[in-house]
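Welcome to this set of exercises. Keep the sequence and the 3D view open side by side, and try each task before you read its solution.

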Amino acid sequence: MATLKYSRQREAIKNYLYGRTDHPTADMVYTAIREVYPNISLGTVYRNLTLLAKQGEITKISCGESSDRFDARTDAHYHFICEKCGRVDDLMNLDVSIIDQMARKGFDGEIYGHQLYFFGICSQCKENKEK
């Protein structure tokens with residue numbers, strides 16, 4: 001893959017994501033980056049997020065019908081997506097390596113990994129539902 005020319009805006013987007021654990025949407029990133037770069041366009045933010053995800057520097061989390069989310073963590077971990085409020089949480093310490101093993105059985109290609117999302121309602125929405 002060709003080396004990209006350095007971009008202050010792209011670097012600001014990466015740094016913003018590295019400081020977050022809440023998996024922001026592109027609109028949230030855009031709003032935050034506009035405080036530093038008032039002339040940045042939403043399209044520039046989308047293009048840079050897509051590029052960073054394609055290069056493996058960030059993770060793009062597809063949340064079904066709601067907006068995609070972005071995560072600076074690229075290590076193997078899983079996500080829970082609340083179907084009520086759209087919140088995305090990290091699920092850590094899950095050993096689901098058996099999924100890769102099962103998928104390799106009877107498959108002639110090469111499997112490098114997988115993405116796994118868990119869906120339901122978060123603890124806050126559950127609590128509000130019970131009230």
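A residue is called buried with under 20% relative accessible area, exposed with over 50%, and partly exposed in between (1.4 Å probe, protein chains only). This is a predicted model, in which local features need pLDDT of at least 70, side-chain atom pairs count only at pLDDT 80 or more, and totals for chains, interfaces and linings use all residues. Residues are numbered from 1 along each chain as its sequence is written, and side-chain values use heavy atoms, with hydrogens and water left out.

**Exercise 1. Find out which helix has the highest confidence and which the lowest.**

Step 1. Start with the score: pLDDT is the predictor's confidence in each residue, from 0 to 100. The protein chain has an average pLDDT of 91, and 98% of the residues reach at least 70.

Step 2. Now turn to the elements. Helices (H or I, at least four residues) and strands (E, at least two) are DSSP runs, numbered from the N terminus. Confidence is highest in helix H2 (residues 26-34), with a mean of 97, and lowest in helix H4 (residues 97-104), with a mean of 85.

**Exercise 2. Describe the chain as a whole: how many helices and strands does it have, and in what order do they run?**

Step 1. Count the elements: there are five helices and five strands.

Step 2. Read them from the N terminus on, and you get α-α-α-β-β-β-β-α-β-α.

Step 3. Look at the overall extent. Along the principal axes, the C-alpha atoms fill a box of roughly 50 × 50 × 25 Å.

Step 4. Check the burial: of the 131 residues in the chain, 32% are buried.

Step 5. Finish with contacts, meaning heavy atoms within 4.5 Å. Among contacts between residues at least 6 apart in sequence, 46% join residues at least 24 apart.

**Exercise 3. Work out the surroundings of His77: is this residue buried or exposed?**

Step 1. Locate His77 in the loop between strand E2 (69-71) and strand E3 (78-82).

Step 2. Compare its value with the cut-offs. His77 counts as buried because its relative accessibility is 11%.

Step 3. Look for polar contacts, which are pairs of N or O atoms within 3.5 Å; within protein, one must be able to donate a hydrogen and the other to accept it, and residues adjacent in sequence count only if both atoms are side-chain atoms. The His77 side chain reaches the backbone oxygen of Asp75 at 2.8 Å. It also makes a polar contact with the side chain of Asp90, at 3.1 Å.

Step 4. Leave aside neighbours within four places in sequence, and His77 is in contact with Asp71, Asp90, Leu91 and Met92.

**Exercise 4. Follow Asp90 to its salt-bridge partner, and say which parts of the chain the pair ties together.**

Step 1. Recall the rule: a salt bridge is a side-chain nitrogen of Lys or Arg within 4 Å of a carboxyl oxygen of Asp or Glu. The structure holds seven of them.

Step 2. Asp90 meets the side chain of Arg73 in a salt bridge of 3.9 Å, N to O. Asp90 lies in strand E4 (residues 88-91) and Arg73 in the loop between E2 and E3, so the pair ties together parts that are 17 residues apart in sequence.

Step 3. Add the accessibility. Asp90 is partly exposed at 25%, and Arg73 is partly exposed at 30%.

Step 4. Try two other examples. Arg20 and Asp22 form a salt bridge at 2.5 Å, N to O, while Asp68 and Lys60 form one at 3.4 Å, N to O. A network of salt bridges also links Glu11, Lys14 and Glu57.

**Exercise 5. Place Leu116: where in the chain is it found, and which residues does it contact?**

Step 1. Leu116 sits in the loop between H4 and strand E5 (117-120).

Step 2. With a relative accessibility of 23%, Leu116 counts as partly exposed.

Step 3. Leaving aside neighbours within four places in sequence, its contacts are Tyr78, His79, Val96 and Ile99.

Step 4. Link back to Exercise 3: Leu116 and His77 are 39 residues apart in sequence, and their C-alpha atoms are 8.6 Å apart in space.
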